[in-house]
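I opened the model to look up how its strands pair and how its helices pack. My notes follow in the order I made them.

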Amino acid sequence: MHKAGDVILGGLFSTNFYSVFRDQSFTSEPLDPTCYGFDILGFKQAQTMAYAIDEINRNSKLLPNMTLGYALYDTCGQLGIGFRSAMALISGQTKQIILYEKCRGSPTVLGIVGDSSSTRSIAISSVLGLYRLPMVSYFATCSCLSDRQRFPSFFRTIPSDAFQVNAMLQILKHFDWTWVGLLISDDDYGLHAARSFQSALGLSGKSCLAYLEALPWGNEPPELRRIVDVIKKSTAHVVIVFAHESVMIHLIEEVVRQNLTGLQWLASEAWSTAAVLQTPRLMPYLGGTLGIAIRQGEIPGLKDFLLQIKPNTQQNNTNGNSIVNQFWEFTFQCRFEPLPTGWLENGGKICTGEEDLRAVETEFFDVSNLRPEYNVYKAVYSLAYALHDLLQCEPGSGPFKDGSCATLETLQPWQLLHYLNKVNFNTSFGDQVSFDENGDALPIYDVMNWHWVPDGGCKVQNVGEVKISEFNGEQLSLNEDKIFWNFESKQPPRSVCSDNCPPGTRVVRKKGEPQCCFDCIPCSEGKVNNQTTFICAVVLGIFFYHRGTPIVRANNSELSFQLLLSLKLCFLCSLLFIGQPRLWTCQLRHAAFGISFVLCVSCILVKTMVVLAVFKASKPGGGASLKWFGVSQQRGTVFVLTSVQAAICTAWLVTHSPSPHKNTQYHNDKIVYECVVGSTIGFSVLLGYIGLLATLSFLIAFLARNLPDNFNEAKFITFSMLIFCAVWVTFIPAYISSPGKHADAVEVFAILASSFGLLTALFGPKCYIILLRPERNTKKAIMGRSNTGTTES
């Protein structure tokens, strides 16, 4: 299709599904391929471009005093044919362009509307980019085309697949579908969509793929049977398909043959409104489909323009109307002369060219659901507005060298490209059209739902939209009351690999399975912590109830109660290591741990020193040593030693505080959310101070281990400090070599093990006597054979 004008815009449309390349004999000029399988929707898109240019030429405010022309080519759905057509457009070898006598030189194609395929757009744009010739696609969605280095002159009025993938994820998140299958077409469109989808799923960390399969382009029954078997065996009830409708037809035929129902289909924009799939026979399987669809728009006057189409009835016409004749034959099921052999004998009709288009009902004239056509319309107007802005330039203030402007006579494609980058206008439908730095349009999609109507047919209904807001980011809005669910419950299906773990259990990943598949096992760590904390409380209760007995009063009962309370705090501080890291938990967990343990070890240290002082006081002339270890001195010593640790923690938190951190160094496919210590020196000083006090306690207790029986608590202190030091000496290399959550587990284990060791070693023997051997809980029994006596504090 051709139309003369001062400036020519090229167009690439697939108005035939198939093509046949003639065998080349290499003895004569190669013959052009033959295209067949008329695509009425592709032809409708081409006519929409023709209408848009006609409308612009009638607009006195847009491009006044000049006319636009067009040269539209059929790609026949083939890369080779589409590429040849594009090269013909940019090389000036297009046919049937009438040159006005007043023009100098030949009218050049300054921009191309097309192509509908990502694969063809990639190939064509790679060459057009060398000449900086603008190409505005209305249907190519591959996210790879947003690469400005590879495709510097490519634009599109349809959103990128990157946004479509995010829109799909918004729907999955809305309905809590975390376990889904993904089917793609085996081309650039499908492969890049799969790559974007897998990347987005990895970042979200909330949904997983049960399977990923590439659909064959042709009707390959064995491969299709295998893919449907995969779908049938999977526990995923949601299937996402990024594929063209011609590919989906073969898949759904196999789905019908195997009678596979009970699936929730999510359709990409390539087939979400495909009428060929909306038949009563397929509705039991595809009813309820949710899909992402191109933004619908209105084009006033388009239907009247389409009704004015007239064929060329002349023989061997050369005006480029053969595609119109093909449309006429397709619509009225007739043939123009010369007729195919046996056409009349088989009851065929001859086309007269006078048939009435208004008497037929076809989707070609349906302008109530304009989606790709609306994108074509916006693409043409984008080029027209860019050209209009270019011609409004005033010499001296232009964007080119020395403030120069472009002129119609010397206009170059790269000059139009400069203005196309800055295009910003509103359509008559009210949508804003502009391009970002990658040549992508403002992203917005409609969400469609396939209603299975009572007569067995299908009604595709808009149930929401997905768009990007400048302030709120990606937004999904759904009218759930309008959604038809093709299930007995009439509710959204559940699609998860594993149910959420109930309270008291934790997630354990299944080896070799995606992160959404896991087992739930009891939280053993939580049980240990609860049990040990409970035991500590029981011991405290026992000591409090028997506080008047000799074994509790002996060897400083007040320090014993302080020690039990500090051990209780040690057990409880391990709870701060549970849950998502937050600033306050990261700061508090180490401070609480450090102060609690210093309080505990300080009590043990003072207790040990009191044992030695009492023993010396029992000897002649040793009574003066007790004046340094009265009740006030004991309390003061514990307070001072604990205050030092509090000062260390305060300095650490003020200078280099621990904080939450998302670590990507441990795993390539995971982000580990953890607490970092902030200052390794601060953490080391905290541990070192605890170690210093523990070592002093151990040495003093070791020296006092051979005291008489009535002072033999030193033996238990020695043993408890030995356990304590062993745990924390082992902790340091284990902590350093453990990444992420394992480091926290090591620290929690060390806290619980050392605390339980102290509790058992120091208070186990006394509880044994109090509960099971009460006859030994007397002053006489405690003093044993010694006559030295016991000092109570």
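I looked up strand 1 and found it joined to strand 5 by two bridges, the two running antiparallel. Strands and helices here are DSSP runs numbered from the N terminus, with at least two residues (E) for a strand and at least four (H or I) for a helix. Two strands count as paired if DSSP finds at least two bridges between them. Lys-3 stands opposite Tyr-70 in strand 5.

I noted that this is a predicted model, in which local features need pLDDT of at least 70 and side-chain atom pairs count only at pLDDT 80 or more, while totals for chains, interfaces and linings use all residues. Residues are numbered from 1 along each chain as its sequence is written, and side-chain values use heavy atoms, with hydrogens and water left out.

I then traced the sheet. It is open, has six strands in the order 1-5-2-6-7-8, and its pairing is mixed. Strand 1 (2–3) and strand 8 (154–156) are the edge strands, each pairing on one side only. Helix 11 packs on this sheet and touches strand 2, strand 5, strand 6 and strand 7 (135–137). Its direction makes about 155° with that of strand 6; angles run from 0 to 180 degrees between N-to-C directions, and axes are lines fitted to C-alpha atoms, for helices over the stretch in contact.

Next I looked up the largest nonpolar core, a set of buried Ala, Val, Leu, Ile, Met, Phe, Trp, Tyr and Cys residues joined through side-chain atoms within 4.5 Å. Buried means under 20% relative accessible area (1.4 Å probe, protein chains only), exposed over 50%, and partly exposed in between. This core has 67 residues, and Phe-43 is among those that touch the most other members. Helix 11 gives the most to this core, with eleven residues.

Which residues is Phe-43 in contact with, leaving aside its neighbours within four places in sequence? They include Met-1, Phe-38, Ile-309 and Phe-327, where contact means heavy atoms within 4.5 Å.

I moved on to strand 13 (residues 290–294), where five of its five residues are buried. Two bridges join strand 12 (residues 264–267) to strand 13 in parallel, and Ala-267 stands opposite Gly-291. Strand 13 also pairs with strand 18 (residues 444–452), antiparallel, over five bridges. There Gly-291 stands opposite Met-448.

Last, I checked helix 15 (residues 557–573) and helix 17 (residues 631–655), which pack at about 20° with their axes 11 Å apart. The contact includes Leu-559 of helix 15 and Val-638 of helix 17.
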